[in-house]
Amino acid sequence: MRDAHAIDLSWLVRLRWGAIIGQVVLVLGVHFGLGLPQRLVPLFATIAVAVASNTALALWERRRERAPPEVVPAAVMALDVVLLTVLLALSGGAFNPFSAMYIVHIALSAVVLRARWTWALTALAIICFGVLFVDTPHHHIHDMRMHLQGMWAAFALAAAFIVYFVRRVTGALSAREAELVAARAASARRDKLTALATLAAGAAHELSTPLSTIAVVARELERHLPRSAETAGSLEDVQLIRSQVARCRDILAQMAADAGASQGEALGSRAPASLVEEALGGLPGGERVRVEMEERARHERALVPAQTFVRALRGVVKNALQASPPEAPVLLRLSSGPDAWRLSVEDSGAGMPPEVLARAGEPFFTTKAPGEGMGLGLFLTRAMLDGLGGQLSLQSTPGQGTRVVLTWPLAGVRQSAALSPGSSSTQVAP
């Protein structure tokens, strides 16, 4: 994320190029178009200073790695005020109607700079404008109509500059605010994930002793119960207790692994196609999944936490299979864009109403029947994608099914295959 000064400095460079072009057009237009002779050499020498300073500023802005101190844009704007004063002094002084351009610099500083710099620049503009009156030649204004028209043009140009720049900066600040909101949401999800990992580890630790005791007692009961028809029902009950204890252990272990261990998994180089195939391998109902993927997904590689990714994708596909009617297909598409992989899973279910869709992905929120899920799959998948710089999105319309889209950056290890990656889709058996 770029800081506020970086955004302002970038736009300042663009605005200065626009101002320079406007100055050149105005000087040539007045000199040749209106037939009013101007001192072209000193005027263009002043404009050349602006060109040189803006070129240096643009090159420095591209190469810098850290945010510039606020004194940099303040100094650049102060230079522009001084250059504007020189241009006005060479072309009519205080009588030049384009002295209204001082307002542009003041408005720009109010948007970009802090209060102390804005007031300093305002004071400099007032002083510079006042200097134009000190040695003003005695002009005989023989054409007041032209002067008034020039004032109108200057006002229109200044107003256009102010509106354009303020709107652009407002948009940039809004985008930055949206980035901050997204960053806060990601941080909140990470905090929830940490709390969930702590809860899972604590539950596994606290419940391990009573579960072990129950398992030992159940095993002893099973050994000591006589093998007879009268005790057959009791034996079945004891065996059921042992199986449920084992299931509880498995649930706690899986919960701890999903919430905690996956966070420490190292990134590995894997082909996206192999991740899909591993996720679908042995999945109940996997034969209903229709897979479409680009050929390049088999040959190019990306850095991902493989086991976490496979487990997350498996959970998403399992949700789609459970939401779809029996025998109905689930469509999985894997493709790539200019800078990201995109994997979508689309079911044939009843979809989700808006109030359910708004909560989908929250930890422990589920619409499944008891025992079919804990409501952690989408939450952990989103947390994993956040760590990769990707995102999870859900699209659902009641009666038309649900589409879950996983995206993650192409950045990472990419190996070109001996064969040239193609863009056509191929059907892959799960």
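This section describes the fold, helix packing, cores and selected residues of a predicted model.

The protein chain contains twelve helices and eight strands. It has 430 residues, and 37% of them count as buried. Among contacts with a separation of 6 or more, 74% join residues 24 or more positions apart.

Helix packing was examined for α3, α4 and α5. Helix α3 spans residues 71-89. Its axis and that of α4 come within 10 Å. The two axes cross at roughly 175 degrees. This angle is over 145 degrees, so α3 is roughly antiparallel to α4. From α3, the contact involves Met77, Asp80, Val81, Leu84, Thr85 and Leu88. From α4, Tyr102, His105, Leu108, Ser109 and Val112 take part. Seven residues of this contact are nonpolar, three are polar and one is charged.

Helix α4 (residues 102-112) also packs against helix α5 (residues 115-134). Here the axes come within 9 Å and cross at roughly 170 degrees. These two helices are therefore roughly antiparallel to each other as well. On the α4 side, the contact is made by Tyr102, His105, Ile106, Ser109 and Ala110. On the α5 side, the residues are Thr118, Leu121, Thr122, Ala125, Cys128, Phe129 and Leu132. By class, eight residues are nonpolar, four are polar and none is charged. Tyr102, His105 and Ser109 of α4 thus appear in the contact with α3 and in the contact with α5.

The largest nonpolar core has 40 residues. Those with the most contacts inside this core are Val276, Leu313, Val317, Leu332, Leu343, Val345 and Trp408. Helix α10, residues 306-323, gives the most to this core, with nine residues. A second, separate core has 24 residues. Val13, Met101, Tyr102 and Leu113 are among its members. Tyr102 also belongs to both helix contacts of α4, with α3 and with α5.

Val345 illustrates the surroundings of a residue in the largest core. Leaving aside residues up to four places away in sequence, Val345 touches Leu313, Val316, Val317 and Ala320. Val330, Leu331 and Leu332 are also in contact with Val345. So are Thr402, Arg403 and Val404. Of these partners, Leu313, Val317 and Leu332 are themselves listed among the residues with the most contacts inside the core.

Several residue pairs bring separate parts of the sequence together. Ala186 lies in helix α6, which covers residues 144-224. Its relative accessibility is 12%, so Ala186 counts as buried. Gly387 is 201 residues away from Ala186 in sequence. Their C-alpha atoms are 9.1 Å apart in space. Thr308 is located in helix α10. With a relative accessible area of 9%, Thr308 is buried. Thr308 and Thr381 are 73 residues apart along the chain, and 8.5 Å separates their C-alpha atoms. Ala45 belongs to helix α2, residues 40-63. Ala45 is partly exposed, at a relative accessible area of 42%. Ala45 and Leu87 are 42 residues apart in sequence. From C-alpha to C-alpha, this pair is 9.8 Å apart.

Cysteines were considered next. The structure holds zero disulfides. Cys128 is buried, with a relative accessible area of 10%. Cys128 is also one of the α5 residues that contact α4. Cys248, in turn, is partly exposed, with a relative accessible area of 36%.

One backbone angle deserves a note. Most residues other than glycine have a negative phi. Glu327 has a positive phi, near 75 degrees. Glu327 is found in the loop between α10 and β4, the latter covering residues 330-336. The relative accessible area of Glu327 is 70%, so this residue is exposed.

Terms used: Residues are numbered from 1 along each chain as its sequence is written. This is a predicted model: local features need pLDDT of at least 70, side-chain atom pairs count only at pLDDT 80 or more; totals for chains, interfaces and linings use all residues. Side-chain values use heavy atoms; hydrogens and water are left out. Axes are lines fitted to C-alpha atoms, for helices over the stretch in contact, and angles run from 0 to 180 degrees between N-to-C directions. Helices (H or I, at least four residues) and strands (E, at least two) are DSSP runs, numbered from the N terminus. Angles under 35 degrees count as roughly parallel, over 145 as roughly antiparallel, 65 to 115 as roughly perpendicular and the rest as oblique. Contact means heavy atoms within 4.5 Å. Ala, Val, Leu, Ile, Met, Phe, Trp, Tyr, Cys and Pro count as nonpolar, Asp, Glu, Lys and Arg as charged, and the others, Gly among them, as polar. A nonpolar core is a set of buried Ala, Val, Leu, Ile, Met, Phe, Trp, Tyr and Cys residues joined through side-chain atoms within 4.5 Å. Buried means under 20% relative accessible area, exposed over 50%, partly exposed in between (1.4 Å probe, protein chains only). A disulfide is a pair of cysteine sulfur atoms within 2.5 Å.
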